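Reader: I am new to this structure. Please show it to me, and let me ask how each label is earned.

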Amino acid sequence: MAADQAGITFVKRHALDVRITHWIVALCFILLALSGLAFFFPPFFFLTALFGGGETARILHPWIGLVLALGYLYLFLRFVGACLWHSDDSRWISRLGQVMSGHDENLPEVGKFNAGQKLYFWAMALLILVLLASGVITWNEYFAHATSIPAQRIAVLAHSIAAALAILGFIVHIHMVTWEPGTLRAMVNGTVSGGWGWKHHRKWLREVVSAGRAKPGTNAPPAE
Ligand code: HEM
C-alpha cells in the first residue's frame, strides 16, 4: 500500500505485463470489430479506409486476430486461477439485484474478481476460441485447399455469431468499468484505492493485507 498526498491509500492490483497485454488485446479487439463491421455491413465499408482500403483491411484482419488470440492466451494464463468458479460466486450472481441497487450487506465478500467479471473472462475465452477456429477455416489465402465449401459456410456463420456476442460482452465490460468509479486506474496505473478494494473486492483486499503484500507507507506491493 502507498499513501498519496491527499491521504488516500493505494493498493497494487495488476502487474505491468498484464496491463500491457490487456491494452494490446483491447486495441486489437477494437480494430477487429471495426474491420469486421465493414466486411459484414456494406454501409460501414467506409471504415476500411482506416486500414488503407478494403484489400489491406482483409489482409490485416486475420493477423490482428492472431495477435489478439495470443494476447488473450497470456491473459488467460495470468487470470485463470483468480477466475475459477466457487459456490460464493453462484450466491453473489443470484442476488445481482442487490448488487446493482447497492444493498450488498448480505452478499458474500468478493475475491480478486466478482462473478460477473469471471463470466466475462470465460465467455471471452470461449468466443475467442470460436473466432480463431472459424477465422482460420475461412482464411482462404493459406487454408483454402484444406477446407471444404460447406465447412467454410458454417465457419462464416459461427464467426459472425461469436463476433456479435463478443461485441455485446465488450460493451457490457466497458459499461461495468465506468459504473465502478476508480476501476480504470487498476488497468492504467495498476493500483486501486483501499476504499475501492474494501467496497468491491473485500476478500481480495483482506488477502493482500494478511499476506503482508500491503505495507502502509511503502511503495505499492507486487500484484496478485
Ligand atoms: C477499451 C476497452 C477496455 C477497457 C476500458 C477495459 C478496462 C478494464 C479494466 C479497468 C479492468 C480491470 C478490472 C478490475 O481490476 O477489477 C479490465 C479487466 C479485464 N479486461 Fe478489459 N477493458 C477493455 C477491453 C477489453 C477487451 C477487448 C477484453 C477481451 C477481449 C478485455 C478483457 C479483460 C479481462 C479478461 C479482464 C479481467 C476480468 C474482468 O475484469 O472481467 N478487456 N478491463
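**How the labels are earned**

Author: Around the ligand there are 21 residues, and the closest are R13, H14, H22, Q117 and H173. Keep in mind that this is a predicted model.

Reader: What makes a residue count as near the ligand?

Author: One of its heavy atoms must lie within 4 Å of the molecule. The shell that results holds 21 residues.

Reader: Why is the pair of H14 and the ligand called a polar contact?

Author: The cut-off is a pair of N or O atoms within 3.5 Å. An N or O atom in the side chain of H14 is 2.7 Å from an oxygen atom of the ligand. That value is within 3.5 Å, so the pair qualifies.

Reader: How do you know that H22 and Q117 make polar contacts too?

Author: By the cut-off of 3.5 Å again. For H22, a polar side-chain atom lies 2.8 Å from a nitrogen atom of the ligand. For Q117, a side-chain N or O atom is 2.8 Å from an oxygen atom of the ligand. Both pairs therefore pass.

Reader: Which elements give two or more residues to the shell around the ligand?

Author: They are helix 1 (16-40), helix 2 (54-79), helix 5 (115-137), helix 7 and helix 8 (184-188). Helix 1 gives the most, with five residues. As for the space taken by the ligand, it is the largest pocket.

Reader: Why is the pair of D17 and R78 called a salt bridge?

Author: A side-chain nitrogen of Lys or Arg must be within 4 Å of a carboxyl oxygen of Asp or Glu. In the pair of D17 and R78, the closest N and O atoms are 2.9 Å apart. That is within 4 Å, so the label holds. The structure has four salt bridges.

Reader: What does the pair of D17 and R78 tie together?

Author: D17 lies in helix 1 and R78 in helix 2, so the pair links parts that are 61 residues apart in sequence.

Reader: What makes the nonpolar surface patch?

Author: Its members are L157, I161, L165, L168 and I171, and the patch is about 490 Å². Each must have over 30% relative accessible area. I171 is in helix 7 (residues 149-179).

Reader: How many helices and strands does the protein chain have?

Author: The count is 10 helices and three strands. Along the sequence, the pattern is β-β-α-α-α-α-α-α-α-α-β-α-α.

Terms used: Residues numbered from 1 in each chain as written. Predicted model: local features only at pLDDT ≥ 70, side-chain atom pairs only at ≥ 80, totals over all residues. Heavy atoms only, no water. Patch = residues over 30% accessible without salt bridge, like charges linked within 9 Å, V, L, I, M, F, W, Y side chains within 5 Å. Areas by Shrake-Rupley, 256 points an atom, 1.4 Å probe, with all protein chains shown as cover. Helix = DSSP H or I, 4+ residues; strand = E, 2+ residues; numbered from the N terminus. Polar contact = N/O pair within 3.5 Å; in protein donor to acceptor, adjacent residues only side chain to side chain. 1 Å grid on protein atoms, 1.4 Å probe; cavity = no way out; pocket = protein on both sides within 12 Å on 5 of 7 lines; lining within 4 Å. Sits in = over half its atoms within 2 Å of the grid points.
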